[in-house]
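Trainee: Could you take me closely through one part of this structure, the protein surface by the DNA? I would also like to know how that part sits within the whole chain.

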Amino acid sequence: MASHDQTRKAASGESSEAVSVASRLLDWYDAHHRDLPWRVPPKALAGGARPDPYRVWLSEVMLQQTTVEAVKAYFRAFLEKWPDVGALAAAPAEDVMKAWAGLGYYSRARNLKACADLVAQRGGRFPGTEAGLRELPGIGAYTAAAISAIAFDRPAAVVDGNVERVVSRLNSIATPLSEAKPEIRALVERMVPTRRPGDFAQAMMDLGATICTPRRPRCMLCPLRADCSAIVSGDPEHFPVRLPKDDKPLRRGAAFVAQRSDGAVLLRKRPEKGLLGGMTEVPTTAWSARVDGATTEAGAPFAADWRRAGRIAHVFTHFALELEVFHAHIKGDAPEGHFWSLAHEISGEALPTVMKKVIEAAIPGATKARRV
DNA sequence: TACTCGTGGCG
DNA sequence: TCGCCAAGAGT
């Protein structure tokens, strides 16, 4: 094994120490890897199986800033609806937004569709190189490296939040994370083995997700504890060092759930760009407008017998939101820019979670899936 | 570079 | 309860 390591060192510039770390990690991965819907197990890979780049891409985009548990159901649903990139390219963008509803970061869905269209136009095959992948919409440094390593067996340095944490601890990096990223990337590049780079990347991320966790890391179970500098300090949780964050401002507003006699709800589409871009909503005031209980008629999109239905709270990445919810029964056509969604259609609309909360406050059960 | 951009779970 | 933070990308 030692001579094997030396050969790899000569070929790729890895240090022999880094190679041994990678070897220990891969041994751990072989024994402890998780069975995930988008993953090809190491045994199958050793037997010559190759991951489907479409599935790797789809899973990696969904996993951007999103937990594995949240992604599983969406991944299965997408694969069921659109089994390959050609099918996704052929789908209406509206259907993709509806299927993405609830997963968050909706620009990912728009870019996903744009990327599928591009790849399908070019013959349906994803590029195998980081540079080629990096040019596609929604694919940044991390995702390009992950697809290249996992789907195409290229020795790319895959650096996500897990890897940053693991490497920060292995090396007790005291520099704040925002500044330390280049150093961390350089360290990862030295660790990447030329053999099984995809498994190595997934092993690093699995280690960060299950052992080297942000809080209360399970160091006693870690295959790299003998290589770890932070564990010597007695406080591995201290790493990575982060700068304090700014406080989240609170915004307020009012939302208006207008209902027709047959139960249909009045909706409209948000602008393509910005917060919740391209998603569906009920009419609301601007968020941060003051809401006085006595003068809500002024904030309503049209006159009606608006009745207070409750208040919902929702926390976004950089602000918190409180919406006073009003409910009214109205007659007539949908106002300009609005449309009626029938009772059985509401659960399938491209409604972000905050809007489902609003509608539920006015009409309990309205957004729950039901048989047609 | 530093913001913007969702949501849910965990300690 | 509530702040933290997740397999980041775009601008």
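What follows is a walk through that surface and then its surroundings.

Mentor: Happy to! Keep in mind from the start that this is a predicted model. Let's go straight to the surface you asked about. Around DNA strand C there are 28 residues, and L63, G140, T143, D160 and G161 of chain A come nearest. If you want a place to begin on your screen, put those five residues in view.

Next, look at the elements behind this surface. Two or more residues each come from α10 (141-152), α11 (161-170) and α13 (197-210). Of the elements, α13 gives the largest share, with five residues. T143 falls within the span of α10, and G161 stands at the start of α11.

What about the chemistry of the surface? Sorted by class, the residues near DNA strand C divide into 11 nonpolar, 11 polar and six charged.

Now let's step back to the chain. Chain A has 372 residues, of which 36% count as buried. Its secondary structure consists of 16 helices and six strands, and the C-alpha trace extends over about 80 × 50 × 35 Å along the principal axes. Among contacts with a separation of 6 or more, 65% join residues 24 or more positions apart.

The domain assignment splits chain A into domain 1 (2-238) and domain 2 (250-362). By their numbering, α10, α11 and α13 belong to domain 1. The centres of the two domains, taken over C-alpha atoms, are 38 Å apart. Where they meet, eight residues of domain 1 are in contact with 10 residues of domain 2. On the domain 1 side, α7 (93-100) and α8 (107-121) each contribute at least two residues, and the largest share, three residues, is from α7. By class, that side of domain 1 has three nonpolar, two polar and three charged residues.

Finally, a word on confidence. The average pLDDT of chain A is 92, and 94% of the residues score at least 70. Residues 1-13 are a stretch to treat separately: there the pLDDT is below 50, and beyond near neighbours in sequence the stretch has 16 contacts in the model.

To return to your question, the picture to keep is of DNA strand C with L63, G140, T143, D160 and G161 nearest, and with α13 as the element that supplies the largest share of the surface.

Notes
Residues are numbered from 1 along each chain as its sequence is written. Chains are lettered from A and ligands numbered from 1 in the order in which they are written. This is a predicted model: local features need pLDDT of at least 70, side-chain atom pairs count only at pLDDT 80 or more; totals for chains, interfaces and linings use all residues. Helices (H or I, at least four residues) and strands (E, at least two) are DSSP runs, numbered from the N terminus. A residue is buried if 20 or more other C-beta atoms lie within 10 Å of its own, exposed if 12 or fewer, and partly exposed in between; C-beta atoms are placed from the backbone. Two residues are in contact if their C-beta atoms, placed from the backbone, lie within 7 Å. A residue is near a molecule or strand if its C-beta atom, placed from the backbone, lies within 6 Å of it. Ala, Val, Leu, Ile, Met, Phe, Trp, Tyr, Cys and Pro count as nonpolar, Asp, Glu, Lys and Arg as charged, and the others, Gly among them, as polar. pLDDT is the predictor's confidence in each residue, from 0 to 100. Domain bounds come from an automatic or database domain assignment.
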